[in-house]
Amino acid sequence: QVQLVESGGGLVQAGESLRLACAASGRTFSSLSMAWFRQAPGKEREFLANINGDGSLSNYADSVKGRFTISRDNARNMVYLQMNSLKSEDTAVYYCAARNLWPVAGPYAYWGQGTQVTVSS
């Protein structure tokens, strides 16, 4: 079992920055690929970014590329999402997710409770 807890959400003005954090527990963190998703009211869950086990590879959705940065600190079992140049359309509940890399790669089976990000214009 993997448990994920997000933090760092809040209310910010458009153009400002915010950093989200996700704390993982329950298994070896470096064996997990980590990701961030978000869901706005009335919309489908949207993939934002993911990062591999050792942090050497990441990718981003076009909507956040160049503005958001995913990173991880395996010594602290943490993953982060640095969000810059926030826009009102970034308003959503943000979720941390994880999938197994060992013994084989699997689906995103572990999810946090979400943290609300509200961007005012």
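Is F47 buried, partly exposed or exposed? With a relative accessibility of 25%, F47 counts as partly exposed, because the buried class ends under 20% and the exposed class starts over 50%. The model discussed here is predicted. A search of the whole structure finds three aromatic pairs. Two of the pairs, both involving F37, are described below, followed by the charges over rings and an open sheet of four strands.

**Aromatic pairs around F37**

- A pair of aromatic rings is described by the distance of the centres and the angle of the planes.
- F37 and F47 make an edge-to-face pair, with 5.6 Å from centre to centre and 75° between the planes.
- This pair links distant parts of the chain: F37 belongs to strand β4 (residues 32–39) and F47 to strand β5 (residues 46–51), and the two residues are ten apart.
- F37 has a relative accessibility of 7% and therefore counts as buried, the limit for that class being under 20%.
- F37 also forms an edge-to-face pair with Y108, where the centres are 5.5 Å apart and the planes stand at 80°.
- Because F37 lies in strand β4 and Y108 in strand β10 (residues 108–111), the pair ties together parts that are 71 residues apart in sequence.
- Y108 reaches 22% relative accessibility, so Y108 counts as partly exposed.
- One aromatic cluster is formed by F37, F47, Y108 and W111.

**Charges over rings**

- On the face of F37 lies R45, at 5.2 Å from the ring centre.
- F37 thus has a place in two kinds of contact: the ring is paired with F47 and with Y108, and R45 lies over its face.
- Over the ring of F29 sits the charged end of R72, at 4.3 Å from the ring centre.

**The four-stranded sheet**

- Four strands make up an open sheet in the order β1-β3-β8-β7, and their pairing is antiparallel.
- The edges are taken by β1 (3–7) and β7 (68–73); each has a single partner strand, so one side of each is left without a neighbour in the sheet.
- From one strand to the next, the twist averages 15°.
- Six bridges join β7 to strand β8 (residues 78–83), and the two strands pair in the antiparallel sense.
- Which residue of β8 is the bridge partner of F68? The partner of F68 is M83.

Conventions:
Residues numbered from 1 in each chain as written. Predicted model: local features only at pLDDT ≥ 70, side-chain atom pairs only at ≥ 80, totals over all residues. Heavy atoms only, no water. Phe/Tyr/Trp six-rings, centres within 6.5 Å; stacked < 30°, edge-to-face > 60°. Buried < 20%, exposed > 50% of the residue type's maximum accessible area, 1.4 Å probe, protein only. Lys NZ or Arg CZ within 6 Å of the ring centre and 35° of its normal. Pairing = 2+ DSSP bridges. Axes fitted to C-alpha atoms, helices over the stretch in contact; angles between N-to-C directions.
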